[in-house]
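Trainee: Hey, have you got a minute to walk me through this one? I'd like to get a feel for it before class.
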Amino acid sequence: MVGAMTESTLDLTLDGPALTARLVDFPSVSGQEKELADAIEAALRTLPHLTVDRHGNNVVARTHLGRAERVVLAGHIDTVPIADNVPSRLDDDGVLWGCGTSDMKSGVAVQLRIAATVPEPNRDLTFVFYDNEEVAAHLNGLGHVAEAHPDWLAGDFAVLLEGSDAEVEGGCQGTLRVFLRTEGERSHSARSWMGSNAIHAAAPILARLAAYEPRRPVIDGLEYHEGLNAVRIEGGVANNVIPDACTVVVNYRYAPDRTAEEALAHVREVFADCGVAEFVVDDHSGAAMPGLSHPAAKAFMAAVGGTARPKFGWTDVSRFGSLGVPAVNYGPGDPLLAHKRDEHVRTDRITHCEERLRSWLTG
Ligand SMILES: [Zn+2]
């Protein structure tokens, strides 16, 4: 069988670490995923218990067993640009090195292993492999599938196999970026009383931010931690001119018990009486509930063990959130190693994740 394998095929009988190495040796920098998507599609099409659909370089495979619940296992197949770290290298200590080992081809290998080795899962399964996660949000393949074929992503619960050090990270916080502009009147700084200083006018905004007490709500047993911060400030035209404009860029990271509308209303309210001349929403991505109270999620937690942690950064679990599918991150990669030249993954983590997921889906 191995003899029949060519450069462009994937052998799903390889174990998790070996399959991860194979995936890493298949370069798939964002925008160049076609070859790997072709190989994943071809490998999945050999499995009679799955139907396979494709949209661009996104591949979705599903069982149709009529089970009471459906869970989604999702992962992106692209990587950041290679940094002299392909092909992969396995060292004697069970560490696999290379671009994408942690972020997140080890997770993709686990998805493929489950697809190949669990033909009769206790829950219907949907496997999603998508492109362009590491680049601008509008290119994200999961977003494209959600728009074109939302039914392909339907489910009761989703697990995103993005690296989480084999710990469960529930939901994700939302992120909102606004520009708060203040106005003044230009004048020569030698006769400053002839003008009005827009940078000084930003003082109430900064005072409000400095005094702000972020919430730490507990949701599904997870304590989130919000933040409202100035992340940039711009103002001034020359060293002898009283500035007539100043912009404070504010980022609000909020817990998933707030909708996008509520988050925006909250920020407007915080700065309502701070002399803001213009309030502009620059970017906004909603939060996602962890959904750990759902029966499928409870069974998942029981199978994988450990305690769930809240996810503070924004991730693609939010795309499932917007489709009404609660989602968690759970994958073998180490998030701290993502995008690093010395990116690596411990092979025992890959095997552990695969075994835990298999026991959840067959127990
Ligand atoms: Zn990733």
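Mentor: Sure, let's start with the whole protein and then go through some details.

Mentor: Keep in mind that this is a predicted model.

Trainee: Okay. How many helices and strands does the protein have?

Mentor: The secondary structure comes to ten helices and 19 strands.

Trainee: And what box do the C-alpha atoms fill?

Mentor: Roughly 85 × 45 × 40 Å, taken along the principal axes. The protein has 363 residues, and 51% of them count as buried.

Trainee: What about contacts between residues that are apart in sequence?

Mentor: If you take contacts between residues at least 6 apart, 77% of them join residues at least 24 apart.

Trainee: Let's switch to the metal. Which residues are the protein donors of the zinc ion?

Mentor: H76 gives its NE2 atom, D103 gives an OD atom, and E162 appears twice, with an OE atom each time. These donors lie 1.8 to 2.7 Å from the zinc ion. Along the sequence, the donor residues are spaced H-x26-D-x58-E.

Trainee: Where do H76 and D103 lie?

Mentor: H76 is in strand β3, residues 70–76, while D103 is in helix α3, residues 101–117. So the pair ties together parts that are 27 residues apart in sequence.

Trainee: Are those two buried or exposed?

Mentor: Both H76 and D103 are buried.

Trainee: Why is the arrangement around the zinc ion called irregular?

Mentor: Because the four donor atoms subtend angles of 54 to 141°. For a tetrahedral label, all angles would have to lie between 85 and 135 degrees.

Trainee: Got it. Is the peptide bond between D103 and M104 cis or trans?

Mentor: That one is cis, with omega about -10°. M104 lies in helix α3. There's also a cis bond from V86 to P87, with omega near 5°. P87 sits in the loop between β3 and β4.

Trainee: Next topic, helix packing. How do people describe two packed helices?

Mentor: By the angle between their axes and the distance between the axes.

Trainee: So what are the numbers for α2 and α3?

Mentor: Their axes come within 11 Å and cross at roughly 20°. That makes α2 roughly parallel to α3. The crossing is right-handed.

Trainee: Which residues meet there?

Mentor: On the α2 side you have L36, I40 and L44, and they meet K105, V108, L112 and A115 in α3.

Trainee: And how do α8 and α10 cross?

Mentor: Helix α8 covers residues 295–304 and helix α10 covers residues 347–362. Their axes come within 9 Å and cross at roughly 135°. The two are therefore oblique to each other, and their crossing is right-handed. The contact is made by A296, A299, F300, A303 and V304 of α8, together with R356, L357, S359 and W360 of α10.

Trainee: I also marked E33. Where is the place of E33?

Mentor: In the loop between α1 and α2. E33 is buried, with a relative accessible area of 0%.

Trainee: What is E33 in contact with?

Mentor: Leaving aside neighbours within four places in sequence, the contacts of E33 are S28, N57, I77, D78, D131 and N132. By the way, E33 and D15 are 18 residues apart along the chain, and their C-alpha atoms are separated by 23 Å.

Trainee: What about C246, is that buried or exposed?

Mentor: C246 is buried, at 2% relative accessible area. Its place is in strand β15, residues 245–254. C246 and T182 are 64 residues apart in sequence, but their C-alpha atoms are 5.3 Å apart in space. T182 is one of the residues in contact with C246, and others include L180, R181, A198 and I233.

Trainee: Last one. Which residue in the loop between β18 and β19 has been on your mind?

Mentor: H339 lies in that loop. H339 has a positive phi of about 70° although it is not a glycine. At 47% relative accessibility, H339 counts as partly exposed. D165 is not a glycine either, and it has a positive phi of about 60°. D165 is found in the loop between β7 and β8, and D165 is partly exposed, with a relative accessible area of 28%.

Trainee: Great, thanks!

Notes:
Residues are numbered from 1 along each chain as its sequence is written. This is a predicted model: local features need pLDDT of at least 70, side-chain atom pairs count only at pLDDT 80 or more; totals for chains, interfaces and linings use all residues. Side-chain values use heavy atoms; hydrogens and water are left out. Donors are N, O and S atoms within 2.8 Å of the metal (3.2 Å for Na, K and Ca); water is not among the atoms, so sites may look incomplete. Four donors count as tetrahedral if all angles lie between 85 and 135 degrees; four count as square planar and six as octahedral if opposite donors are over 155 degrees apart and all others between 65 and 115; anything else is irregular. Helices (H or I, at least four residues) and strands (E, at least two) are DSSP runs, numbered from the N terminus. Buried means under 20% relative accessible area, exposed over 50%, partly exposed in between (1.4 Å probe, protein chains only). Axes are lines fitted to C-alpha atoms, for helices over the stretch in contact, and angles run from 0 to 180 degrees between N-to-C directions. Angles under 35 degrees count as roughly parallel, over 145 as roughly antiparallel, 65 to 115 as roughly perpendicular and the rest as oblique. A crossing is left-handed if the near helix is turned anticlockwise from the far one by less than a right angle, and right-handed if clockwise. Contact means heavy atoms within 4.5 Å.
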